Amino acid sequence: MGYIVSNAFWDDRYSTAAASGEAVWSIEPNAWIEQVTSILPPGNAIDLAAGEGRNALWLASRGWSVTAVDFSAAGLAIGRQRAATLALDLNWVTADATTWVSLTPVDLVVIAYLQLPAAELTAAISNAILSLNAGGTLALIGHDSTNLVHGVGGPKDVAMLYDLETVRLAAAGLDIAECRRYNRTTADGRVAIDTILLATKPRR
Ligand SMILES: C[S@@+](CC[C@H](N)C(=O)[O-])C[C@H]1O[C@@H](n2cnc3c(N)ncnc32)[C@H](O)[C@@H]1O
């Protein structure tokens with residue numbers, strides 16, 4: 001299935017799944033996001049393109065003050081409902097990641113599987129960097145272009161897949177700890193290839 005850059009598409013996808021009592025994504029956070037953020041002291045965070053909020057909710061459960069942003073109001077409505085069930089308090093913002101910048105800088109921005117063409121992805125990463133405090137962390141993970149041939153799942157349109165060079169360029173100006181391909185084992189034991197970026201905003 002192709003990924004279409006439209007909030008109407010995503011609203012429909014989330015609403016249809018919710019109507020049949022299903023989730024589009026897992027309830028658990030992404031394993032890499034969990035791994036790299038669990039060593040950080042809780043502060044304030046943004047989950048950009050949060051979807052149903054699995055990563056945002058996990059961060060909130062760890063004591064982070066979280067703003068979950070997505071252009072799909074239907075996705076965020078599911079996250080809000082889950083938060084209420086878990087007695088967690090988050091901010092939910094319906095906005096376009098290619099234009100939205102936080103008025104309050106944060107200690108952590110998470111971007112997970114925001115699959116956009118290079119120019120739009122670069123804009124979203126730039127906005128994420130603008131939203132960071134000096135010393136803040138950007139943790140980004142997405143389906144890599146090599147996944148199309150060598151991995152499972154993800155968009156089938158190469159224009160919507162991550163290219164290491166695009167990500168590296170978009171993060172220029174950050175202190176990059178990791179920017180590379182990462183093999184993720186799926187629930188059914190197969191391999192998906194992601195791009196990961198872990199970087200901090202310099203204090204200087
Ligand atoms: C593959 S889902 C990932 C959701 C979530 N990050 C996760 O890992 O569970 C991609 C999400 O990106 C959102 N999205 C796509 N383009 C967007 C944009 N321009 N601005 C904000 N959200 C966007 C979609 O609505 C969808 O919820």
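These legends describe close-up views of a predicted model. Residues are numbered from 1 along each chain as its sequence is written, and side-chain values use heavy atoms, without hydrogens or water. Local features need pLDDT of at least 70 and side-chain atom pairs count only at pLDDT 80 or more, while totals for chains, interfaces and linings use all residues.

**View 1. The shell around the ligand has 18 residues.**
A residue belongs here if one of its heavy atoms lies within 4 Å of the ligand. The closest are Tyr 14, Ala 49, Arg 54, Asp 70 and Ala 112. By class, the shell has twelve nonpolar, three polar and three charged residues. In this count, Ala, Val, Leu, Ile, Met, Phe, Trp, Tyr, Cys and Pro are nonpolar, Asp, Glu, Lys and Arg are charged, and the others, Gly among them, are polar. Helix H1 (7-19) and helix H3 (54-61) each give the shell at least two residues. Helices (H or I, at least four residues) and strands (E, at least two) are DSSP runs, numbered from the N terminus.

**View 2. Side chains of Arg 54, Asp 70 and Asp 96 make polar contacts with the ligand.**
A polar contact is a pair of N or O atoms within 3.5 Å; within protein, one must be able to donate a hydrogen and the other to accept it, and residues adjacent in sequence count only if both atoms are side-chain atoms. Arg 54 places a polar side-chain atom 2.7 Å from a ligand oxygen. For Asp 70, the distance from a side-chain N or O atom to a ligand oxygen is 2.6 Å. Asp 96 pairs with a ligand nitrogen instead, at 2.9 Å. Taken alone, the ligand exposes 590 Å², and the protein buries 97% of that. These areas come from the Shrake-Rupley method with a 1.4 Å probe; for residues, only the protein chains shown count as cover.

**View 3. Ala 49 and Tyr 113 sit in loops with positive phi.**
Ala 49 lies in the loop between S1 and H3. Its phi is near 70°, a positive value in a residue other than glycine. Tyr 113 lies in the loop between S4 and H5. Its phi is near 60°, again positive in a residue other than glycine. Are these residues buried or exposed? Ala 49 is buried, because its relative accessible area is 19%. Tyr 113 is buried too, at 17%. The cut-offs are under 20% for buried, over 50% for exposed, and in between for partly exposed (1.4 Å probe, protein chains only).

**View 4. The largest nonpolar core has 29 residues.**
Such a core is a set of buried Ala, Val, Leu, Ile, Met, Phe, Trp, Tyr and Cys residues joined through side-chain atoms within 4.5 Å. In soluble globular proteins, nonpolar side chains tend to be buried together. Among the residues with the most contacts inside this core are Leu 48, Val 109, Ile 111 and Leu 138. Elements that each supply at least two residues include strand S4 (106-112), helix H5 (118-130) and strand S5 (132-143). The largest share, five residues, comes from H5. Apart from this core lies another, of 26 residues, among them Trp 32, Leu 57, Ala 60 and Leu 90.

**View 5. Thr 195 in strand S7 is buried.**
Its relative accessibility is 0%, so Thr 195 counts as buried. The side chains of Thr 195 and Asp 144 share a polar contact of 2.6 Å. Beyond four places in sequence, residues in contact with Thr 195 (heavy atoms within 4.5 Å) include Leu 140, Tyr 162 and Arg 180.

**View 6. Thr 67 lies in strand S2 (residues 65-70).**
Thr 67 is buried, because its relative accessible area is 15%. Its side chain makes a polar contact of 3.3 Å with the side chain of Asn 91. Thr 67 also touches Ala 45, Val 93 and Trp 100, among others.

**View 7. Glu 178 lies in strand S6 (residues 175-185).**
Glu 178 is partly exposed, because its relative accessible area is 24%. A polar contact of 2.8 Å joins its side chain to that of Arg 180. Not counting residues up to four places away in sequence, Glu 178 touches Trp 32, Ile 196, Leu 197 and Leu 198.
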